[in-house]
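Work through the exercises below with the structure open. Try each task before reading its solution.

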Amino acid sequence: MVLAPIGEVSLAKTKICRALKQSRSSFHSKLFNRSQAISLKYETLCVGLEPTVFSEAHNLFDETSHRILSDSNHFLFEYTRNDLNLKALNLFAHTHCLGFPIDGSSLSCVLKACGHLSDQTVGRQVHCRCIKSGFIEDVSVGTSLVDMYMKTENHVDGKRIFNDMPEKNVVSWTSLLSGYSRNGLVDQAIEIFFQMQAEGIRPNPFTFATVLGALAVDGAIDKGMQVHSMIIKKGFEATTFVSNSLINIYSKSGMVGDARVVFDNMESRDAVSWNGIIAGFVSNGFHFAALELFYQMRLAGVKLTQMIFATITKLCSNLKELGFARQLHSRVLKNGFVSDPNIKTALMVVYNKCNQMDDALRLFHTMHGVWNVVSWTAMISGYLQNGGAEQAINLFCQMRREGVRPNHFTYSTILTAHPTASLFQIHAQVIKTNYETSSSVGTALLDAYTKIGNTSEAAKVFHFIEEKDIVAWSAMLGGYAQNEDTEGAVGVFLQLAKEGVEPNEFTFSSVINACASPTAAVEQGKQFHASSIKLGYSHALCVSSALVTMYAKRGNIESANEVFKRQHERDLVSWNSMISGYAQHGYGKKALKVFEEMQMKNLEMDDITFIGVITACTHAGLVDEGQRYFNVMIKDFCINPTMEHYSCMVDLYSRGGMLEKAMDLINRMPFPAGATIWRTILAACRVHLNLDLGKLAAEKLISLQPQDSAAYVLLSNMYAAAGNWQERAKVRKLMDERKVKKEAGYSWIEVKNKTYSFMAGDCSHPFSGRIYLKLEELSIRLKDAGYLPDTNYVLHDVEDEHKEAILSQHSERLAIAFGLIATPSGTPIQIVKNLRVCGDCHTVIKLISMIEEREITVRDSNRFHHFKGGLCSCGDYW
C-alpha cells in the first residue's frame, strides 16, 4: 500500500505545522530579547546562554513536541474510532516524514487502522518502527500488534507476539481470544479463555462477550452455560453487550426459551438486544412470537435499525407475508435505508417467494452499480423457484458479463436449473473457478449427476470435496439409493463410519431407502434399522417413513405395519407407503382401510395416494371400487389423472376381463397411450386369448419400444397358447432380424447373507445335485397331494412329458428347492423373480407351502405373493 497525503487530512497537518511554527517564533523572540541584556562577546554569550537561555529553549522544544504529539495522537484516535483508517495511515506517514515525535499511543492507533484494513504489509512496517523506537515492550503496543496480525489472518505471528510480550493484561488476552475466534479456531479460543484464568487474569465483560461468540459458532452450549454461570458470579449479567452475547448463543443452540429469559431480565436493552431475540425466534421457526416481539419493540420506542429491517424482512419471507413486506418496504424508504444492499436483497427474496418476480426485478434494477454476488444469486434463485429456468440462466450469463464472480451459493443454485442449463458446462466453470472442492457446490454437482443416473461421475465429484459435511455424505448415499445401487450406498455408509463422521437422520433415511431395492440383502435394512435405534434416530419422521417403505418393498409387510403404528407423527410418505405396500402384497381391503382412515382425519392426499388405492383395487379384483375412487380423485380432490393413473385403470379393467372398457378409456385419454398401457393390454389379451386386440397392442408397443422384448414375447406366447405355431415362428424370426433378445428369467434367494441366482434348468450351482433330488422328492409328494401339471404354460411345440419336465425346472422352483435344503425346517423362504410367475408354478408353490409347512414369499415383476398353508395372499387373482 502506498501512503500519500490526502485532502481530508490537511486540517490535522495544518494544525500540527502551525503549532510548530508558533513555537519557533516564540523561541526566536525570547532568544533575541535576552541577547540584548548580556554581553555580545562570544565567550560571554556562550557562558551566559549555557545555564539560562539554552535551558529555556530546551524546555520550549519539549513543550512543542508534547503539543504536536498530543494533537497528532488526537487526530489518529478520532480517525480510527470513526473507521477513517486510510486517513489515519496517511496522517501517520506525513508526521513521520516530517520527523515529528511518536509514542505508544501513536503506534497503537496506526496498528488498529492496519488491522481494520487487513493490510499486513503496512502493519509489518509499523511493527519494525515499534522495534526501532523502543516501544515493542509497551503492553498497549504489543496488544495492538496481536490484534493486527489476528485481523490479517496471521494467527501464528499473532500468537508469537503475544508469547514475547513481557507484560500482558486482560485486553491482551481478550485480543488473542478474539483473534482465534475470528479465524475460526474456536478450540484455541476456548483454551485461551481458561488459560488466562489459570494465570490469574480476571476476564472482563469484553472477554465474556468474545468467548460466548466463539462458543456460539462452535455450538458448544454446555460450555456456554458454564460461562453464563461465571458471568452471574462476577456480576456482569447487567452489562448489555454481555447479555446480547448470551441471547445469541442460546438462540443459535435452539434454546429460545433461555434466550427469552435473558432478554426479559435485562435492565437495559439496546437495538442489538431486540434484534438478537427477534432474529433468534425467526431462525428457530417461532415466526408469530417474533412478530409479537417486534410489536413490543415498536411500543418501547426503540429506533429501527438496518439489522432489524433485515431480520423482519426475512420473517416476511418465511411466512410469505407479501402485504407486511410491502409496508416494511415503505418504511425502509421513509427511514432512508433504501440504499442498503442487504435490505434490498432481503426484500427481493420476499418478492421471489411470493411469486412477485416483476417487483423483485424492479428492485434489482434499482441496485444497478452496486450489484453484488448476493443480489445476483437471490434473483437467479427466485426465477428457479418460480419455474423461470431460462430467465435464471440468462441472469447467470449476464452476471458473468458484468464481471461479478459467482460464489458457492450461486453455483449451488444454478445447478438446479439442469437440464435447461448444461450440467457439463457449469461443471467446467466450477472447476475453472476452483469451487469443485467446496462442500456445498460439490454436493449440488453430485446431486445433479445422480438425477441423470450418472452415479460414477457423482462419485468422482464426491471424491474431490475436501471437507465433506454430513449433507455431502447423505447426498451421495441418496444418489445411490435413487439408482437402486445398494452396494454403493452401503459402501459410502461404511466409509462414513470409518472416517468418524456421525450419521444423522437423513443419512439413515438414504441408506434405508437404498436397502429397499430388490437386489439388496434382506438383513441389511434390518441392521440399519438397529443402528438408527441405537443412535436415537428411529423415530425421526424421514427415518420411520423410509423404514415403512423398505419393509413393505422387501416383503415384510407386518414389520412395515409395526413401524407405521409406532410413528409419533406421519407424513404423506408414510401413509402412501402403507397403502402401496398393502396393495403390492395383495391385501387390498387393508390398503383401503388405511385410505379410509386418511379420509376420516381429513389428511392431505396426492396423486401417489390414488395410484396406491387403485392398485389395491386392481390386485384384489375390486373393479367397481377402483372406478369409484378414480372418479373421487378427479371430482372431489381435483387431481388431474396422469399416465400412471390411466395405466392403473387399464390394468384394473384388463385383469377383470373388461377389455372393451379398457380400450374405451384409452380412446378417451387426453394424451396418447404409453408403452406401459399397451403392455398391460397385451398381457391381458394373452390371458383372455383376444388375438385381434393383442396384435393391435403388440404393434403399438413395438412402434414405441422396438427393442423391448416384452411385446414380441407376449405376442408369440399368445399365438403359442392359441396353437398358432406358424405365427409364433414369424414373431420369433422378427426378433432375430431386429436383434431383439428375450429377457432371461431369473430367481434370487438370500441364504446366510449371500444371494444365489437361478435360471430355468440351471445346473451351475455347487449343490445342483441335491437341488434336483429335492425337486424329484417334491414331485412325488405333489402328485400324492393331487397336483396335475398345467402344460398350457409351456409355450413350446413339444411332447407333454417334455413340457412337464420344463415346468418342473422353472427358476423359482430351483430357488425354493435350494431354500428348503439350505435353511432349517420352519424358516420362512423369500425369493425374487424378474418375470411374472406362471400359473402352474403358483399352484405348485401353494402346495409346497402346505407340504413343507413353510411360509414362502415370492416377489415377481408385478407384486408379492405370500404362500402359507396351501393358500396365497392374492386369492389366485393376479
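**Exercise 1.** Which backbone oxygen does the side chain of S375 reach? Then place S375 in its surroundings.

*Solution.* Keep in mind that the model is predicted.

Step 1. Find the partner. The S375 side chain reaches the backbone oxygen of N372, at 2.8 Å.

Step 2. Locate the residue. S375 belongs to helix α21, which covers residues 373–385.

Step 3. Check exposure. The relative accessible area of S375 is 0%. Buried means under 20%, so S375 is buried.

Step 4. List the neighbours. Leaving out residues up to four places away in sequence, S375 touches T345, M348, F364 and M367.

**Exercise 2.** Describe helix α16, from its span to its two faces and what follows the helix.

*Solution.*

Step 1. Take the span. Helix α16 runs over residues 287–299, 13 in number. From first C-alpha to last, α16 reaches 19 Å, close to the 18 Å expected at 1.5 Å a residue.

Step 2. Pick out the buried residues. In α16 these are H287, A290, L293, F294 and M297.

Step 3. Look down the axis. The buried residues of α16 fall within an arc of 115°, so they line one face of the helix. An α-helix has 3.6 residues a turn, so residues three or four places apart point the same way.

Step 4. Find the cover. What covers the buried residues of α16 includes α14 (256–264), α15 (271–283), α17 (306–319) and α18 (322–335).

Step 5. Turn to the other face. Away from the buried side, α16 carries the exposed residues F288 and L299.

Step 6. Read on past the helix. G301 follows α16, and its phi is positive, near 75°.

Terms used:
Residues are numbered from 1 along each chain as its sequence is written. This is a predicted model: local features need pLDDT of at least 70, side-chain atom pairs count only at pLDDT 80 or more; totals for chains, interfaces and linings use all residues. Side-chain values use heavy atoms; hydrogens and water are left out. Helices (H or I, at least four residues) and strands (E, at least two) are DSSP runs, numbered from the N terminus. Buried means under 20% relative accessible area, exposed over 50%, partly exposed in between (1.4 Å probe, protein chains only). A polar contact is a pair of N or O atoms within 3.5 Å; within protein, one must be able to donate a hydrogen and the other to accept it, and residues adjacent in sequence count only if both atoms are side-chain atoms. Contact means heavy atoms within 4.5 Å. The expected span of a helix is 1.5 Å times one less than its number of residues. The arc is that of the directions from the helix axis to the C-beta atoms.
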